[in-house]
Every structure is written in structure tokens, then in C-alpha cells.
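Here are some short exercises to work through with the model open. Try each one yourself before you read the solution.

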Protein chains: 2
Amino acid sequence: MKTLLLMSGGLDSTVALFDLLADGHDVRGLGVHYGQRHSRELEAAKEIAEFAEVPFEITDLSNLKYFLTGNSQTGDLPVPEGHYTEDSMKQTVVPNRNMIMLSVAIGYAVSMKFNAVAYAAHAGDHVIYPDCRPEFVEAMKQAAALCDWHKIDLITPFLNSSKAEIVKRGDQLKIPFELTWSCYKGEDFHCGKCGTCVERKEAFQLANVKDPTLYSNFSEKFFKAVNL
Amino acid sequence: MKTLLLMSGGLDSTVALFDLLADGHDVRGLGVHYGQRHSRELEAAKEIAEFAEVPFEITDLSNLKYFLTGNSQTGDLPVPEGHYTEDSMKQTVVPNRNMIMLSVAIGYAVSMKFNAVAYAAHAGDHVIYPDCRPEFVEAMKQAAALCDWHKIDLITPFLNSSKAEIVKRGDQLKIPFELTWSCYKGEDFHCGKCGTCVERKEAFQLANVKDPTLYSNFSEKFFKAVNL
């Protein structure tokens, strides 16, 4: 089965990549530059695809940042810090991001006569991200099956999994967690403070899996240790 | 009602613009550059929006042409001439074009807290363009209502109208037909030979409305008449 996977360089889509490969899918990766502040994540996606020896491309739709406004990731709002609250998290929602990325992936999959498009929406996202909910996925499945005479299936391996369960699955598959990127700030190291970093840390703790992430307080500690 | 209309510069979306305005919608236009050969149409859309005194923007997603291949409009295939046959017409289908344009429009509409997105799919397109069929529109309506906490309605005023009926409606509304652009070749004048030009001519004939289009044989006739 030829499957085009939306890869963000994050934990979820990286575990999805190795999960699909383990299931025998012939996977190709697609990254979408939609003008996100943390486009650093796409470099991570490229490295992960190289590690997995899977073809990977990025489509540059960065002009979208002028149209998807009023949020912290493509708009002018600051990235909220601390544990997610409903309000702070809503600030990070890029309007209709998933439909846009899926529509491009589906178009590309039709062009290549692939069988499916996959994306790593997960249960932990349902409360905040409307475009990760099962009912949204169901509508998109219908649309993907109808948009062309060549039918594309939509696969969401983690729709009912928590982030901790995804980390556990990644641990079983021995995935290179250290290559993945979650932080919404997109600086040199994971900030360790934004909502996504807090969630990432928590997922490793709950899964009881060693977290190899270099958070930015690591660099402070390191420079202190070597007296710089 | 604040409505964002996908404007291609063609007949259908132009009549839709004046139809929505007549219905009291507060309309804003959006053009999408998806790498189409006939991007000339977007200049037409801009002129039409100026004529109607409606705000209009173009989002540049022309990088998509590298991903939406195997067709005559964003790929390498030639534009087919003559009356549409099923095969020749399928050659012009840009994979998943409408879902891509709708997803961007919906994201922008959410950003602006608009009520609806409109596009001018019509009954004549159902046979060839899968992403103009009522069942596709239904799936997209669902997806548009679910993709964000701010619900967006999807409006398709001509879903059950023929192109001739659209021309009739345009005539009633006294729309500037001469500003619209249909030709898939995207040269200086309408070629008069490609499938879209043939359909355009036919629609005016069937509607019994004078066709003000300058087809390229016009220029031959003109230069002959003035002895150039």
C-alpha cells in the first residue's frame, strides 16, 4: 500500500512513520511550510526521513501566513508558556491547518496514484484542536474518497491514542526520539516551557520512557558546568 | 452575512459574485494561484472585483505545481482542443484543486470570523470534475462546519444550474461578461478552441445572450479588416 504521510518532525508523525513502515506500508513523507514560526520542525522531519530512508519533500505554502492570522504560530500572538489551559492553547490553533495540509497531500497522492494519505491526529488533541476530532476525520475521509475518480483513503493510526501511548509505541519501535521536534518557539533547543514542550515531557513521564530531549535549561546547566 | 468567495475570474464565479451581492451578502473575494498555466484568469478576477467594489486578494501557492502533476493546467500535458470528450477533459483536471482552494478559503474565513465560504461549482461540471459533485460538496460542508470552533457554512449557489442558466442569471444581473476569463491556454485572447472556450461559446448560445468575448480569430479578422 502506497501511503503519503504528513510529517511535521514532531513526536506523533514520527512514531506514525515507523508504525506504518512496520505495518508494511510503502511510505513517502510530505512536509508543509504554511508559514509556521516553528519551521525548524521541518528540518527535523527531513532528518527523520533520511534516518528512515523514506523519500521526503516540503511544499512551500508560506504565503499562507498572511491569511491564517490571529494565532501564535502563523500570526502575531506570542507563544503561550506553561501547562495548557483551554484559552492559552486556543491561541496556538492555526485556522484550518489540518484541512489545508490534508488537501495538498491528497492532491499529491492522487497525482502519484497512491492509495492513502496518513496523518497523526491523536486523542489528546481533541479538546483543543477541532481538526483532530474523529468527526472531522470522518468528514475528510468522505471528501478524500470523493474528490477524484482515483479514491484516496485517509489513515489516522493514533486517533484514539494518548500522547503517552504514542511514546510507548515509539519506544517499542526504537524510534530516534532525539531527532523529533515539538517546541512551538522554534529556537535552537526545546524551550521546555511552552504548552507543547510541557506535554512532551509529560508524555515521556507517563509512558515511563527516558526523554532524550535537550531542553534549553540543558544548555544553561551545560555552560555552567564547563564554566562558560 | 460575511461571505468569502473563491474567484477564478471565470464566468461562474463572476455571476456568483453579483448573485451573492444581490442577495445582500457582504462579499470578499479570494483568488488562489496554484501554479495554473492560465494564471491570466487571476488578473481578470482582480478587475472584476474592482468593478464590483469588493475587496480581493490572491494567495500565492504556486509551489503546488510541483505536486499537482499529470494534467494540462499545472503539469506538462498540452491543453486539449475541441469539444470536451471524457478523456480530453480529464486531462485538464488538477488533482484535488477545489479541496485545496476551499481549505485555504475556510482557514482565511475563520481568521476573519466570516460566516461562509462560497464557490461556483455547477451542474455541467459534475461528469468530469469529481470535486464539483453534490456528494463532494456535502462532505466539504461537514468538514467546514467541524474544522474550527467557529463554524463556516459552505455556499454553492449554482450546484444545480447549467452553464447556460448561469449566463442567463448573469444577463439579468447585467454583469460585465467582457471582463471574465475562461480560456485554459491563458494567452492574450480567448483561444476559442479549448474545451472551456467551446463550452463558454455554447453557454451564451443556449442562453440566447450576446457573447462579448474576443476570441483569437477576432484578432485575425481584425488585422485582416484593417489590412495589417
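**Exercise 1.** Work out in which sense β4(B) and β5(B) pair, and over how many bridges.

*Solution.* Keep in mind that this is a predicted model. Start with strand β4, residues 116-118 of chain B. Its pairing with β5(B) is parallel and runs over three bridges. For a landmark, look at A116(B), which sits opposite D153(B) in β5(B).

**Exercise 2.** Place the strands of the open sheet in chain B in order and pick out the edge strands.

*Solution.* Step one: the sheet has five strands, in the order β3-β2-β1-β4-β5, with parallel pairing. Step two: β3 (56-60) and β5 (153-155) of chain B each pair on one side only, so they are the edge strands. Step three: going from one strand to the next, the twist averages 25°. Now add a helix: α2 (residues 40-52) of chain B lies across β2 (26-33) and β3 of chain B, at about 165° to β2(B).

**Exercise 3.** Describe the side of chain A that touches chain B.

*Solution.* Begin with the count: 33 residues of chain A are in contact with 33 residues of chain B. Next, find the elements giving two or more residues: β3 (56-60), α4 (97-111) and α5 (134-146) of chain A. The largest share, nine residues, comes from α4(A). By type, the residues on this side of chain A split into 19 nonpolar, nine polar and five charged.

**Exercise 4.** What turn and shift lay chain A on chain B?

*Solution.* A turn of 180° with a shift of 0.0 Å along the axis does it, with an RMSD of 0.0 Å. That is how a two-fold axis relates copies. Both copies use the same surface, as 100% of the contact residues of chain A recur in chain B.

Definitions and conventions: Residues numbered from 1 in each chain as written. Chains lettered and ligands numbered in written order. Predicted model: local features only at pLDDT ≥ 70, side-chain atom pairs only at ≥ 80, totals over all residues. Contact = placed C-beta atoms within 7 Å. Helix = DSSP H or I, 4+ residues; strand = E, 2+ residues; numbered from the N terminus. Nonpolar A, V, L, I, M, F, W, Y, C, P; charged D, E, K, R; others polar. Least-squares fit on C-alpha atoms with pLDDT ≥ 70 in both. Pairing = 2+ DSSP bridges. Axes fitted to C-alpha atoms, helices over the stretch in contact; angles between N-to-C directions.
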